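Open the model in your viewer and keep the sequence panel beside it. The stops below are given in the order in which to select them.

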Amino acid sequence: MKFWKIFWGFGAILLAVLLLLNTLGVLTPAFDVVGGVSALQIVLALFVFAFLVSRVIKLKFGSIFIPLSFLFMIFERNIAFALGLESENIINNWLLFFCALLISIGISLLIPSKAKRWKKHKKDKAMKSNRFASSTRYIDCESFVEEYIHNELGELKIYFENTDSFTSGAVINLYNRLGATDIYVPREWNVKEDITNNLGDVSYYEKGDSEGPTLILSGHNELGAVSVKFI
């Protein structure tokens, strides 16, 4: 099971338990620290922190400032209490969010993400693209050595033609963002996956032949779902 499935599963259960205990007053003594921290604040902070960690691991520093501003908003009253300030409103939330947005834009322009660099590097390659739609693409194995596929906010199904001519070691470079990509692979093939997965999911339905010709699946999956289905 994928790490993020485990994390969000336990996170949802933890949220329910903490909210119930907080409603019953069981956790009140423990949370009456630094101006009183609620169970909801702690759970929200954990989710934001997990997202921040995922951004840092992926070296996407431009996307950490808005979550940081949310963390500050969640605990602003507690921070003011800890600093001994008279007002609970340290800074206008809209101003803070706008500044975080500007910093994020600036960092993203100066340091493009790996996904953007990947797309820029492949821009002069023939790419099968799908956006905001549901479509099907076919790869002809007679000429298949390397394919570049981009799916964004859409549903994409990929099939292979002339599979008898498939050359082992051929590569699919996939960029899947907020989309669902299903790759239908002949059962006698073997798949080696090297996808950078960012808060998404890559799943396999059954298994192929480990001794068969190898298809290499590479690229990036951001907040999307990639499924490999053997047929």
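## Stop one: Ile66

Select Ile66 and show its neighbours: leaving out residues up to four places away in sequence, Ile66 touches Phe97, Ala100, Leu101 and Ser104, where contact means heavy atoms within 4.5 Å. This is a predicted model, in which local features need pLDDT of at least 70 and side-chain atom pairs count only at pLDDT 80 or more, while totals for chains, interfaces and linings use all residues. Residues are numbered from 1 along each chain as its sequence is written, and side-chain values use heavy atoms, with hydrogens and water left out.

Colour residues 65-74 next; this is helix α4, and Ile66 lies in it. Helices (H or I, at least four residues) and strands (E, at least two) are DSSP runs, numbered from the N terminus. Then draw a distance from the C-alpha atom of Ile66 to that of Ile103: the separation is 8.8 Å, for residues 37 apart along the chain.

## Stop two: strand β3

Move to residues 146-152, strand β3. Of its 7 residues, 6 are buried, meaning under 20% relative accessible area (exposed is over 50%, partly exposed in between; 1.4 Å probe, protein chains only).

Which strands pair with β3? Select residues 127-131 for β1, which pairs with β3 in the parallel sense over 5 bridges; two strands pair if DSSP finds at least two bridges between them. As a marker, pick Ser129, whose bridge partner in β3 is His150. Then select residues 170-177 for β5, which runs parallel to β3 and is joined to it by 7 bridges. Here the marker is Glu152, with Arg177 as its bridge partner in β5.

## Stop three: the open sheet

Now display β2, β4, β6, β10 and β8. In that order these 5 strands form an open sheet with parallel pairing. β2 (134-140) and β8 (201-205) each have a single partner strand and stand at the edges, so one side of each has no neighbour in the sheet. From one strand to the next the twist averages 15 degrees, with axes as lines fitted to C-alpha atoms and angles running from 0 to 180 degrees between N-to-C directions.

At the β2 edge, add residues 155-161, strand β4: 7 bridges join β4 to β2, and the two run parallel. Zoom in on Ile139, which has Phe160 as its bridge partner in β4.

## Last stop: the whole chain

Zoom out to the full protein, with its 7 helices and 10 strands. Of its 231 residues, 39% count as buried. Among contacts between residues at least 6 apart in sequence, 63% join residues at least 24 apart.
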